Amino acid sequence: MQETLMNLRRELHRFPELSGNEKQTAGRIAKFLKPLKPDLILEKLGGHGVLAVFSSGQPGPEVLFRADTDALPISETTNVDYRSVQSGVSHKCGHDGHSAILAGLAAHISANRPQKGKYLLLFQPAEETGMGAKAVLSDPSFAGFNPDYCFALHNLPGYTRNSIIVRNGTFAAASMGMIIRLKGRTSHASEPDKGQSPAAAMARLMASLPKLSGNGPAFGYSDFALLTLIYGSLGTPAFGTSPGEAVLMATLRAYLDSDMKLLIDKALALVRKMAETAQLTFDISYAEEFPATTNHPDAVKFVTEAASKLGLPIVEAGLPFRWSEDFAHFAGRSKSTLFGIGAGKTHLPLHDPDYDFPDKIIGAGVSVWQTLYERFAF
Ligand SMILES: [Zn+2]
Ligand SMILES: [Zn+2]
């Protein structure tokens with residue numbers, strides 16, 4: 001089985017697809033699942049999601065296990081024989097590996113059918129853009145499901161291979177993309193006074209917005225909040241024209257949803273003030289919204305018990321992770337936990353162009369899923 005799963009992982013790796021376009025990936029996963037004869041397979045769930053359901057037909061818990069399936073707009077520099085055939089697209093977050101691990105659970109359940117409860121294996125699209133989980137949950141085909149527990153894992157470079165990283169409460173930060181448009185009026189570059197350039201207001205915002213970041217009550221937050229400028233543009237590259245529009249984009253992060261709200265309010269107030277002072281109008285839109293991923297202590301306990309039963313090292317994360325995960329949407333509905341599986345202390349970081357999911361952790365990942373499954377199913 002290990003080799004089959006490794007081959008599946010490498011096949012998914014070779015043919016990566018961006019968030020929202022995981023059509024072939026979904027097809028490959030469904031092809032793997034069908035011979036395992038789940039009681040139900042739903043395809044095209046929330047886009048290109050695939051859900052395999054194994055039901056005992058008896059009362060018991062409804063448990064969802066989730067893997068993500070999308071790749072990233074990053075050119076692969078890894079020189080492996082299963083390297084990406086799509087130029088500019090590659091699996092640099094290990095979602096190929098997460099999917100292979102969940103496929104391993106499907107094979108196990110197929111051979112060990114549950115005696116109680118219902119088991120949902122979700123291969124979720126569009127995690128990286130924060131769209132997939134929401135789309136699956138609001139898909140009418142998913143309306144009949146109401147999991148008591150939801151579990152998801154993510155490989156984590158920088159941690160001992162096969163260690164299990166857990167945390168009660170916030171596991172991954174909330175994040176949100178903010179797009180700020182400042183609107184003035186263009187004019188001839190010889191007569192800037194006849195227009196309304198947003199240049200000075202943009203510069204002031206670039207200097208002051210990042211200063212809204214802070215940690216704790218001294219900054220008005222309960223915990224950590226961070227604003228990072230990621231993009232800016234002003235006017236057009238035309239020497240004859242004084243600009244009339246500027247765009248700034250920032251990523252906002254916080255460990256708590258309440259701090260996220262506060263950070264957004266502070267940013268809004270600052271934009272309003274700068275725009276008014278400079279007699280500009282503005283509009284603000286948002287993108288890639290991820291709530292904080294909040295782990296439920298019961299679900300965390302089940303993962304910790306499974307890891308200790310398997311003799312895997314358990315690491316309690318001191319602080320939440322600064323990145324975000326759209327599994328947060330499941331965590332808001334059921335007793336849920338996202339946990340980490342160590343990819344190796346010196347393994348390259350996620351989203352690095354040379355990163356490649358370590359096949360050596362597939363076995364431990366499948367074992368944790370199996371142990372959790374068996375805890376509920378028998
Ligand atoms: Zn990622
Ligand atoms: Zn990821």
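## Strand pairing, core and domains of a predicted model

Leu234 stands opposite Ala246 in strand 13. This is a predicted model, in which local features need pLDDT of at least 70 and side-chain atom pairs count only at pLDDT 80 or more, while totals for chains, interfaces and linings use all residues. Residues are numbered from 1 along each chain as its sequence is written, and chains are lettered from A and ligands numbered from 1 in the order in which they are written.

The pair Leu234 and Ala246 belongs to the antiparallel pairing of strand 11 (residues 224–234) with strand 13 (residues 245–254), which has nine bridges. Strands here are DSSP runs of E with at least two residues, and helices are runs of H or I with at least four, each numbered from the N terminus. Two strands pair if DSSP finds at least two bridges between them. The table lists pairings with one residue pair for each.

| Strands | Sense | Bridges | Residue pair |
|---|---|---|---|
| Strand 5 (residues 149–157) and strand 17 | parallel | nine | Cys150 and Ser336 |
| Strand 6 (residues 164–166) and strand 17 | antiparallel | two | Ile165 and Gly340 |
| Strand 10 (residues 214–215) and strand 11 | antiparallel | two | Gly214 and Ala225 |

Strand 17 (residues 335–344) thus pairs in parallel with strand 5 and antiparallel with strand 6. Strand 17 is mostly covered, with eight of its ten residues buried. A residue is buried if 20 or more other C-beta atoms, placed from the backbone, lie within 10 Å of its own, exposed if 12 or fewer do, and partly exposed in between.

The chain is divided into domain 1 (2–171 + 292–377) and domain 2 (174–290), with bounds from an automatic or database domain assignment. Their C-alpha centres lie 36 Å apart. Ten residues of domain 1 are in contact with nine of domain 2, contact being C-beta atoms, placed from the backbone, within 7 Å. On the domain 1 side, three of the touching residues are nonpolar, four polar and three charged. Nonpolar covers Ala, Val, Leu, Ile, Met, Phe, Trp, Tyr, Cys and Pro, charged covers Asp, Glu, Lys and Arg, and the others, Gly among them, are polar.

The largest nonpolar core has 103 residues, and Leu102, Leu121 and Val303 have the most contacts inside it. Such a core is a set of buried Ala, Val, Leu, Ile, Met, Phe, Trp, Tyr and Cys residues joined through C-beta atoms within 7 Å. Helix 9 (residues 362–377) gives the largest share of this core, eight residues. Each of the two domains supplies at least three residues to the core. Leaving aside residues up to four places away in sequence, Leu102 touches Phe65, Ala67, Leu121, Phe123 and Trp369.

In helix 2 (residues 23–33), the buried residues are Thr25, Ala26, Arg28, Ile29, Phe32 and Leu33. Seen down the helix axis, they fall within an arc of 160°, so they line one face of helix 2; the arc is taken over the directions from the axis to the C-beta atoms. Their cover includes helix 1 (2–14), helix 3 (95–111) and strand 4 (118–124).

Glu325 is found in the loop between strand 16 (314–316) and helix 8 (328–331). Glu325 counts as buried because it has 25 C-beta neighbours inside 10 Å. Not counting residues up to four places away in sequence, Glu325 touches His154, Ala172, Phe290, Thr293 and Leu338.

Notes: Contact = placed C-beta atoms within 7 Å.
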